[in-house]
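Colleague: May I ask how the terms used for this model are justified?

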Amino acid sequence: MEVVIVPGPGEAGALVGDAIAGVLAARPAAVLGLATGSSPLAVYRDLARRHAAGELSFAAARAFLLDEYIGLPAGDARGYRRFIADNLERLVDFAPGAVRGPDVGASDLVAACTAYEEAIAAAGGVDLQLLGIGTDGHIGFNEPGSSLASRTRIKTLTDQTRRDNARFFASLEEVPRHVVTQGVGTILDASHVVLLAFGGAKAAAVARAVEGPVTAMVPGSALQLHPHATVVVDEAAAASLTLADYYRETWRHKPPWQGL
Ligand code: F6R
């Protein structure tokens with residue numbers, strides 16, 4: 001696992017934007033894995049800027065969302081499909097239908113989860129998966145106790161996650177309890193996983209995921225099993241990392257041609 005400590009989200013956005021531009025340059029029909037929430041916003045801003053400057057096209061690319069709330073009306077501003085539409089899809093040139101999220105409106109949700117897995121596989125798998133991490137260590141919405149081999153399925157959010165996400169809703173009561181999320185096993189199938197975390201509230205979860213034991217109690221720790229996992233954090237989110245100096249030293253001396 002590579003840990004890169006950056007001054008802030010802007011630098012992270014540029015760094016991860018470079019990596020995504022590299023993936024799209026090598027394979028214009030690449031498949032991207034998209035996270036929602038605050039952590040990937042700087043990356044989406046960077047990608048939109050590159051597209052506006054004529055440097056980057058998503059015309060042949062496809063994308064799959066990590067997760068979605070169950071129970072919000074279709075197109076609801078707090079839904080994750082809408083978040084991605086507003087913060088990336090509408091700002092670049094994805095072809096119609098190229099960006100997909102779990103079909104939480106399906107009458108048979110279990111079948112919809114299987115269909116989502118099949119769609120990712122049929123697209124050839126995810127080339128680069130963006131992730132955030134919850135304060136309880138979740139990736140996607142795989143809450144503590146999630147099987148490290150799990151696939152796309154229905155999950156119940158912890159109270160902690162509902163409280164963390166209440167900032168997007170008028171009240172805590174409005175935050176849905178249920179979601180569909182890619183599983184930990186689904187996430188680990190991506191060729192490259194890039195986790196972003198900023199701020200002191202994430203420091204404990206980042207340290208447990210990166211340096212703690214691999215355990216279902218910290219789903220983010222499963223990234224230790226991935227051969228190409230990158231963790232991009234600011235100083236505050238890196239504050240509890242035992243090997244922070246080593247990560248800085250390693251990054252400082254990394255040959256630029258290697259990229260992320
Ligand atoms: C979002 C997702 C979640 C978030 C995590 C952190 O699609 O899967 O795992 O990445 O809850 O959220 P933020 O970035 O808002 O702190």
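Modeller: The following exchange concerns the ligand site and one pair of rings.

This is a predicted model, in which local features need pLDDT of at least 70 and side-chain atom pairs count only at pLDDT 80 or more, whereas totals for chains, interfaces and linings use all residues. Residues are numbered from 1 along each chain as its sequence is written, and side-chain values use heavy atoms, with hydrogens and water left out.

Colleague: Which residues are the closest to the ligand?

Modeller: They are Ser 39, Asp 67, His 138, Gly 140 and Lys 202, among 15 residues that surround the ligand; a residue counts as near if one of its heavy atoms lies within 4 Å.

Colleague: What makes the approach of Asp 67 to the ligand a polar contact?

Modeller: A polar contact is a pair of N or O atoms within 3.5 Å. A polar side-chain atom of Asp 67 lies 2.5 Å from a ligand oxygen, so the pair meets that limit. For side-chain N or O atoms of Thr 36 and Arg 167, the distances to a ligand oxygen are 2.7 Å and 2.8 Å.

Colleague: Why is the pair of Phe 64 and Tyr 116 called edge-to-face?

Modeller: Rings of Phe, Tyr and Trp (its six-membered ring) pair if their centres lie within 6.5 Å; planes under 30 degrees apart are stacked, over 60 edge-to-face and the rest tilted. Here the centres are 5.7 Å apart and the planes stand at 75°, so the pair is edge-to-face.

Key:
Polar contact = N/O pair within 3.5 Å; in protein donor to acceptor, adjacent residues only side chain to side chain.
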